[in-house]
Amino acid sequence: ALVLEMPRTLAALKSGQLNEWRATLLVKETACLSVEDRCAVDEELAPDTGTFEGKGDKAIVAAAKAAAYRRDPRSVVGRASRAAAERMVSLRPAPDTMTYLTALLPVAQGVAVYAALCRAADSARSSGGAGSGVVRTRGQVMADTLVERVTGTPGGISGINLDLVMTDRTLFQGDSEPARLKGYGIVPAEWGREIVGSGRTGKDHAGTLDAEFSVWLRRLYTAPATGELLSMDSKARLFPTRLRRFIETRDDTCRMPYCDAPIRHIDHVVPWRSGGKTNLANGAGLCEACNHTKENPGWTSKTVHAGVHGGTHTLEISTPTGHSYQSKAPPLPGHRPSRT
């Protein structure tokens, strides 16, 4: 795009008037235009004449957007409509048992959410933290307000199920074996005990008692030596709720090889229509894309090891190209594989 359609931006990059990132911004903001309109915007902005000297990245993006809109408003509006259809919320791990909760929203909604959090933070800080005695930064108040408004509780956990898998030694005996939190991954043992302990004491982020705050403990026992969750069975075509949760806890993420997307579907390894049973051995957690892909001609799967009486739940998946891959359920907290 720089060489063929935006020669003046390329000249500014060569002369050092723009760095690579800023040139990329100009290319990105004009991507929806025709070749002719893009060349016209490049000529209008004339980056090689120093028009962006002293300007920040936001100013460059704003100038490019305005010029693109003047040239072809229909394309810009269409691009915005398509982008709005891609709105989403995602969660990814961050260091030190933190997470990045990211929302991709249309600009009006995103600005409104941020403005509401800012107002709440300013109001809380001006009132001195509502007499809680705990001084929180503006960012902390915004984060706490977001959690409270989305979950409906100050602690953010009451009424929301957290699948925290840990050994009884970790919970009751102070063992250092880490736990696993569904949707996040491995967490330190002490952090897991603190989460359970905070539910028992009923303290919110301000350190005050909250009678609404509670933690439910679901006991998931594993088979000795193998670390495999014990099984349950069902004759129904659809996996019952408890069995679904059981498989989700066991598999953690999509069981398709090389895919670690969140589980969306509980799939029959051998299809139900082909006589596959609705039980733990014949169940696997898959993401939506992998579950649909598996239904295409040429894909087959089978359970190599049920994992109930020793060993790890193992699947063998064959692709239309003739390749076969094995997928083993991830190890649960407390399981240490034997070394040969």
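This is a dialogue on how to read a helix, some backbone angles and a small sheet in a predicted model.

User: How many residues does helix α8 have, and how far does α8 reach from its first C-alpha to its last?

Analyst: Helix α8 runs over residues 138–151, which gives 14 residues, and the distance from the first C-alpha to the last is 20 Å, close to the 20 Å expected at 1.5 Å a residue.

User: Which residues of α8 are buried?

Analyst: To call a residue buried, we ask that its relative accessible area be under 20%. In α8, the residues Val 141, Met 142, Asp 144 and Thr 145 are buried. These residues lie on the same side of α8, because they cover an arc of only 165° around the axis. Among what covers the buried residues of α8 is helix α7, residues 107–126.

User: What follows α8, and what is the sign of its phi?

Analyst: After α8 comes Gly 152, and the phi of this glycine is positive, near 85°.

User: What sign of phi do most residues other than glycine have?

Analyst: The general idea is that most residues other than glycine have a negative phi. With that in mind, look at Asp 96, which is not a glycine and yet has a positive phi, near 60°. Asp 96 sits in the loop that joins β1 (88–94) and β2 (98–104). A second case is Tyr 258, also not a glycine, with a positive phi of about 70°, and its place is the loop between α11 (241–251) and β7 (265–268).

User: Are Asp 96 and Tyr 258 buried or exposed?

Analyst: A residue counts as exposed when its relative accessible area is over 50%. Asp 96 has a relative accessibility of 68%, so it counts as exposed. Tyr 258 is likewise exposed, since its relative accessible area is 79%.

User: In what order do the three strands of the open sheet lie, and which are the edge strands?

Analyst: The order in this open sheet is β10-β11-β12, and the strands pair in the antiparallel sense. An edge strand pairs on one side only, and here that holds for β10 (300–305) and for β12 (324–328). From one strand to the next, the twist averages 25°.

User: How many bridges join β10 and β11, and which residue is the bridge partner of His 305?

Analyst: Strand β10 and strand β11, residues 314–318, pair in the antiparallel sense over five bridges. To follow the pairing at the level of residues, start from His 305, whose bridge partner in β11 is Thr 314.

Terms used:
Residues numbered from 1 in each chain as written. Predicted model: local features only at pLDDT ≥ 70, side-chain atom pairs only at ≥ 80, totals over all residues. Heavy atoms only, no water. Helix = DSSP H or I, 4+ residues; strand = E, 2+ residues; numbered from the N terminus. Expected span 1.5 Å × (residues − 1). Buried < 20%, exposed > 50% of the residue type's maximum accessible area, 1.4 Å probe, protein only. Arc of directions from axis to C-beta. Contact = heavy atoms within 4.5 Å. Pairing = 2+ DSSP bridges. Axes fitted to C-alpha atoms, helices over the stretch in contact; angles between N-to-C directions.
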